[in-house]
Amino acid sequence: MAGDAKTDKKDTQGDVEFKKRDASWPLVLWYIHVYILGTYGIYVTFTSALWSTILFTTVLTLLGILGVTVGVHRLWAHRTFTAVAPLRLFLMLCQTMSGQGTIYSRVQAHRLHHAYFQKDEDPYYSKHNFWYAQLHGNMLKYSRQQEQLLKEVDMSDIENDKIVMFQKRYYVLLYILINVLLPVNTPFQYFGEALNNSLFVSFWLRSLIVLNIGNLVNSAHFIWSIHKGFKPTDSNSIFFITKSFWPQFHYLLPNDYLSGEFGDYANGTGSTVIRVLAALDLAKDLHTVSSVAVRNGLTEAVEKNRPIIECINEQVKLEESLRPFNHFLNRDKFM
Ligand SMILES: [Zn+2]
């Protein structure tokens, strides 16, 4: 933080204004509603909601999370695989059900997050702490500087995706239909659920869960990464939370489809879903990196005194040209 103070002193008043982020009051109000009404939804779940409503909400919650992790993060933000149009349509509908803004805006912000990871420009405050990234940063408007940087993010691949652009254009309508009316109406209309229960469980509680898990994509590294200075043997937390270097790996090589959002690698639900989709020919061109390629890249970087990432990427390209197309069926090969 001492470094921050030094930088701030150098900033002129114009710079401060340029980098300043104000509260977005509609978002603050939204978060307050989601937390209060979603918490009441927990009470309703345990006191009066029907099992069918709870089951239905669970399925929609999982689909919303799938839209964020496999859809926005691994497919659209990082291009870790390609997907046929029906799968993209399905993931777009799932992502709409997460209620977290358009795929376009989430991809743009996530790419900025990677480009400025642990710098002031990162919209999710990866330089600060977990709560900033999970909550605070999501309730602020972008600074003028960030607005400018967002415009510079390369979105050409996304702009060529008709399904994503369709969602961007009709987002409000899709949001109302898929994220509000369908979830609230179904238990009320077809399961005989009370309208109040349907609203609090199937909308507000689901929104609370998906919002928090979706935000974890940007903040999870604070929990699951081993940071400089962290001593696992001195802390009991290692018994409850598995810490690993995989989140760091994701920020170094983001286009590996096996990089889990929440600290796992290769064996999480998202990775399994992508493997199954690939086996069904719905997902193709799965990108991954083997330990051998990373090791060879590191050796090359040390021996030739070249940038690490450049050397690893060369090894990855070489490896991809030799890899069997159905490598995802071999569970042990690239772990
Ligand atoms: Zn990422």
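# Working through a helical model

With 15 C-beta neighbours inside 10 Å, serine 244 counts as partly exposed. That label sits between buried (20 or more other C-beta atoms within 10 Å of the residue's own) and exposed (12 or fewer), with C-beta atoms placed from the backbone. This is a predicted model, so local features need pLDDT of at least 70 and side-chain atom pairs count only at pLDDT 80 or more, while totals for chains, interfaces and linings use all residues. Residues are numbered from 1 along each chain as its sequence is written.

**Exercise 1. Place serine 244 in the chain, then find how far its C-alpha atom is from that of tyrosine 265.**

Step 1: look between α13 (221-224) and α14; serine 244 is in that loop. Helices here are DSSP runs of H or I with at least four residues, strands are runs of E with at least two, and both are numbered from the N terminus.
Step 2: go 21 residues along the chain to tyrosine 265, and the two C-alpha atoms turn out to be separated by 9.4 Å.

**Exercise 2. Get an overview: how many helices and strands are there, and what share of the residues is buried?**

Step 1: count the elements, and you get 17 helices and two strands.
Step 2: of the protein's 335 residues, 35% count as buried.
Step 3: now check contacts, meaning pairs whose C-beta atoms, placed from the backbone, lie within 7 Å. Among those between residues at least 6 apart in sequence, 68% join residues at least 24 apart.

**Exercise 3. Find the residues that carry the UniProt "transmembrane region" annotation, and look at the last two spans.**

Step 1: the unreviewed UniProt entry puts this annotation on residues 27-43, 49-72, 170-191 and 203-224. UniProt positions follow the numbering used here, feature names are shortened, and annotations may be inferred rather than shown by experiment.
Step 2: take residues 170-191, where the end C-alpha atoms lie 29 Å apart and the span is 91% helix and 0% strand.
Step 3: do likewise for residues 203-224, which come out as 95% helix and 0% strand, with end C-alpha atoms 29 Å apart.

**Exercise 4. Work out how α4 sits against α15: parallel or perpendicular?**

Step 1: two packed helices are described by the angle between their axes and the distance between the axes.
Step 2: the axes of α4 (residues 51-77) and α15 (residues 269-279) come within 10 Å and cross at roughly 70°. Axes are lines fitted to C-alpha atoms, for helices over the stretch in contact, and angles run from 0 to 180 degrees between N-to-C directions.
Step 3: therefore α4 and α15 are roughly perpendicular to each other. The classes are roughly parallel under 35 degrees, roughly antiparallel over 145, roughly perpendicular from 65 to 115, and oblique for the rest.
Step 4: look at who meets whom: Leu66, Thr69, Val70 and Arg74 in α4 face Gly270, Val273 and Ile274 in α15. By type, the residues of this contact are four nonpolar, two polar and one charged. Nonpolar covers Ala, Val, Leu, Ile, Met, Phe, Trp, Tyr, Cys and Pro, charged covers Asp, Glu, Lys and Arg, and the others, Gly among them, are polar.

**Exercise 5. Do the angle and contact check for α4 and α5.**

Step 1: α4 and α5 (residues 85-96) pack at about 120°, with axes 7 Å apart.
Step 2: that makes the pair oblique.
Step 3: on the α4 side the contact includes Leu63, Gly64 and Leu66, and α5 brings Leu91, Cys94 and Gln95. The residues of this contact split into eight nonpolar, four polar and no charged.

**Exercise 6. Describe the surroundings of phenylalanine 262.**

Step 1: phenylalanine 262 is in the loop between α14 (246-252) and α15.
Step 2: because 18 other C-beta atoms lie within 10 Å, phenylalanine 262 is partly exposed.
Step 3: set aside neighbours within four places in sequence, and its contacts are Leu216, Ala220, Trp224 and Gly268.

**Exercise 7. What is the sign of phi at aspartate 281 and asparagine 305?**

Step 1: most residues other than glycine have a negative phi.
Step 2: aspartate 281, though not a glycine, has a positive phi of about 70°. Aspartate 281 lies in the loop between α15 and β2 (283-284) and is exposed, with 9 other C-beta atoms within 10 Å.
Step 3: asparagine 305 isn't a glycine either, and has a positive phi of about 55°. Its loop runs between α16 (291-304) and α17 (308-322), and asparagine 305 is exposed, with 7 other C-beta atoms within 10 Å.

Terms used. Two residues are in contact if their C-beta atoms, placed from the backbone, lie within 7 Å.
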